[in-house]
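Biologist: I am new to this structure and would love a guided close look at a single part of it. Could you take me through the metal site, and then show me what surrounds it in the wider picture?

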Amino acid sequence: MTDAVSTPDSPDHALFSRVLSALDIVVFERDEESGAYRLHGASPEWWSQCVDPDHRATLDLSRCSPFLQDYLVGRHPAWEGNLGTIEKSGPWTESDQQGGSMTLEASLLSLGSRKLLLIECLGSSFEDMRSIVQRARERVLAEDLTAKLHRNTETQLIDQLEASERTKDEALTLLQHLGIAALVLDVGGLVTFASRRALEVLGITATDVIGQHWEQVLPLSQPDCVLIQSMLEGSSRMESGGPFCLQGPQARWLAVEIHRDLCHPSRHIMVLSDRTELHALRQALHEQASFHDLVGKSSAMLRVYQLVRDVAQVDTTVLIEGETGTGKELIARAIHSSSTRKHKPFIAANCAGLTDSILTSQLFGHKRGAFTGAIQDQQGLFEAAEGGTLFLDEIGDIPPQVQTALLRVLQEKEITRLGEAKPRKVNVRVVAATHHNLSEDVVRGSFRADLLYRIRIARVSLPPLRERREDIPLLAQSLLGTICASTGKTVERLNPDALRVLMSYSWPGNVRELRSAVEFAVISCKGNEVFPADLPPEIAGTPVGLSPSIFIPLSSQDEKTRLLAALSEAKGNRTEAAKRLGISRATFYRRLVELEIRPF
Amino acid sequence: MMQKKICMLGGFAVGKTSLVRRFVTNVFSNEYHTTIGVTVEKKTVVVDKEDVTLVLWDLYGEDEFQRVRESYLRGSSGYILVMDGTRKSTLETALALHQTVVRTIGAVPFVSIINKADLQADWEIDETAIEHLRGQGWTVLIGSAKLGQGVEEVFGQLATQIVTPSPAPRTSA
Ligand SMILES: Nc1nc2c(ncn2[C@@H]2O[C@H](COP(=O)(O)OP(=O)(O)OP(=O)(O)O)[C@@H](O)[C@H]2O)c(=O)[nH]1
Ligand SMILES: [Mg+2]
């Protein structure tokens, strides 16, 4: 196609100008080189209100219109060789030179190689359209309001009606008065009355209830319904059961009592008590001691659980810090399975000790032939974890080049397989862990500061086991259970002496080390109780009393034996004996007196 | 001078235009004059002792009659999601618009405001819903264009977030 716009000296220029002014449109042509917009033909009257007179012939975007200034910078298909496409900006309103405002719309199109910008002042037809939309919206608003009013009046009326019905029946009045949550059922199981409290507990209105079968009113599981039905059919005067779970967006727990109404033998009174809070408390108690696969109820761990719950709510990168063996992967799993990504994969990768290229190919994948040995296309862990969580353990050990690549992935949310040029989009939450102090690594220059900021948006610090010794009995018992289950041995408990040894040890390898110690003990143990001698020698050999604050109260007989044993080992030296037991000299003396031990 | 484009987004009649007018010219009208397309206004604010011109794109409310045009969103440095406390449906609209923006231009700073606090007795958006939004990391302000409540704050907070992006943990403003 040849250029179709008339230039000022072409014969049909005059005609073109007239057409434009009849259409009330301003036409600009964009000059590719300078990027300027040059006016074509005469400009209509309204245009002079938009721009000051000196700037009429060329379009000074920064002066005339913030809208156009912004709109014209982007890419425009109509100007990119898509002939015949007309692109509309949509209407915009801006203040004009006179302090009023004006609504305009721009159209972009190409004619041959020329790029045109047409601006039109939207007049009465736009105003008509606006008022139609306005009326429609006003109508919607008014209907909303009426519906709301209706709802309110309706509930009020029903309440009144109910109140007058109720006063007829004294038993029901009493139920109402005492604030008891009760439903009255007729012989067919239909609800004939619901107390105010019952409606509150169930979160419904009287209209939803009256005349309905009780099974419709109480969204219970099938087995629960069967159970309650049998209670209704029973012959005793009163039966009770539950708590039953009411299904719904917020599960509620109800205990149910069925009374036979003595005045009206054909009807039953179902009394409901809300046990939700109780249930939640029980649940919380249970959760306090363990969370996902984590065990411990020390205040340090309770703080960690709360942090994990908080972190799971958001989708940021997380850094888990903790010594080796503290359970960093368990925390990562807990975050994953409490997050919205829980139904997608959780993939764990250990970054320690891998070379640059192996780690790169493991994380980002490779194309066949990318390196010797790359015999086929291989997706990386990022792609494998799509939609889910990728756990990068020992992030502090990754080589500098991989750090750079990882930073890019976190910023761009795309990866490039080794040997490929085209990046692929990934949607993966990264949870990283380290036993290093990464801030120190940054100072030392072995870890990129910008990467640290990217991954440490949220952080969870796991305490070492020696800082939460009070969890050791619970942890040891729980490990004992799991280990016995997997080995088939039945070792029921840890003897108090063995426990004391466990509690005095410093656990440099943390929970992982505790686990191996318990495993060792289960294997060496002869009976159903673990004794100190069953523990690994390096642990059993620790002089008890490394940490003087730890002193487990024992039954007095046990304690008496312990004290005597310590005294004999220390050859009667009480200071030494107290030290061996990890208690102060004063305590030792007091206990000797209390237990009536006569020193030798 | 630094110039930043900010979009006002939300369901229809939630008070986007009213908030902008209160902010720019400190006037309020009970009359409803629906916006078609976009109205562009400017106001200069001071953030960290520096002048920043906010170019406010007051977009039409999203409903079955008009859907947000993606080209209006491009180039935004941030946006304000406006809800009407008396209409619960405007919360869903805000959530959907938020998705649209993230899909179109990616994650940029935003602040949300539940408008019409002067009618709080008639509110349908309750504390639980608000806490839920905050739980998702949203900044949720409560305000009223009519009383001028929360207006400076909503624009001020967004301007600060835009000018001082915070990769490190943000200190409370
Ligand atoms: N009571 C009260 N009314 C308000 C408040 N803000 C806005 N309104 C009223 O709500 C109606 C809609 O306000 P607008 O500012 O035009 O709403 P909008 O979001 O711009 O609407 P669209 O442009 O149609 O999307 C008008 O009647 C306003 O007077 C407020 O804080 N309190
Ligand atoms: Mg408006």
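Modeller: Happy to; here is a walk through the metal site, followed by some notes on chain A. Please keep in mind that this is a predicted model.

Let us start at the magnesium ion, which is ligand 2. Two threonines of chain B coordinate the ion through their OG1 atoms, B:Thr17 and B:Thr35, at 1.9 to 2.1 Å. These two residues are 18 apart and bring together distant parts of the chain. B:Thr17 belongs to helix H1, which covers residues 16-25 of chain B, while B:Thr35 sits in the loop that runs between H1 and strand S2 (38-47). How buried or exposed is each one? B:Thr35 has a relative accessible area of 11%, so it counts as buried, because the cut-off for buried is under 20%. B:Thr17, at 26%, is partly exposed.

Now for chain A. Its 600 residues include 42% that count as buried, and the chain has 25 helices and 24 strands. Of the contacts in chain A between residues at least 6 apart in sequence, 58% join residues at least 24 apart. The chain exposes about 32000 Å², with carbon and sulfur atoms supplying 54% of that area.

Two residues of chain A are worth a look for their backbone. A:Asn510 has a phi near 55°, a positive value in a residue other than glycine. A:Asn510 lies in helix H21 (residues 510-524) and is buried, with a relative accessible area of 0%. A:Lys413 also has a positive phi, near 55°, and lies in the loop between helix H16 (400-412) and strand S19 (414-415).

Methods
Residues numbered from 1 in each chain as written. Chains lettered and ligands numbered in written order. Predicted model: local features only at pLDDT ≥ 70, side-chain atom pairs only at ≥ 80, totals over all residues. Heavy atoms only, no water. Donors = N, O, S within 2.8 Å, 3.2 Å for Na, K, Ca; no water. Helix = DSSP H or I, 4+ residues; strand = E, 2+ residues; numbered from the N terminus. Buried < 20%, exposed > 50% of the residue type's maximum accessible area, 1.4 Å probe, protein only. Contact = heavy atoms within 4.5 Å. Areas by Shrake-Rupley, 256 points an atom, 1.4 Å probe, with all protein chains shown as cover.
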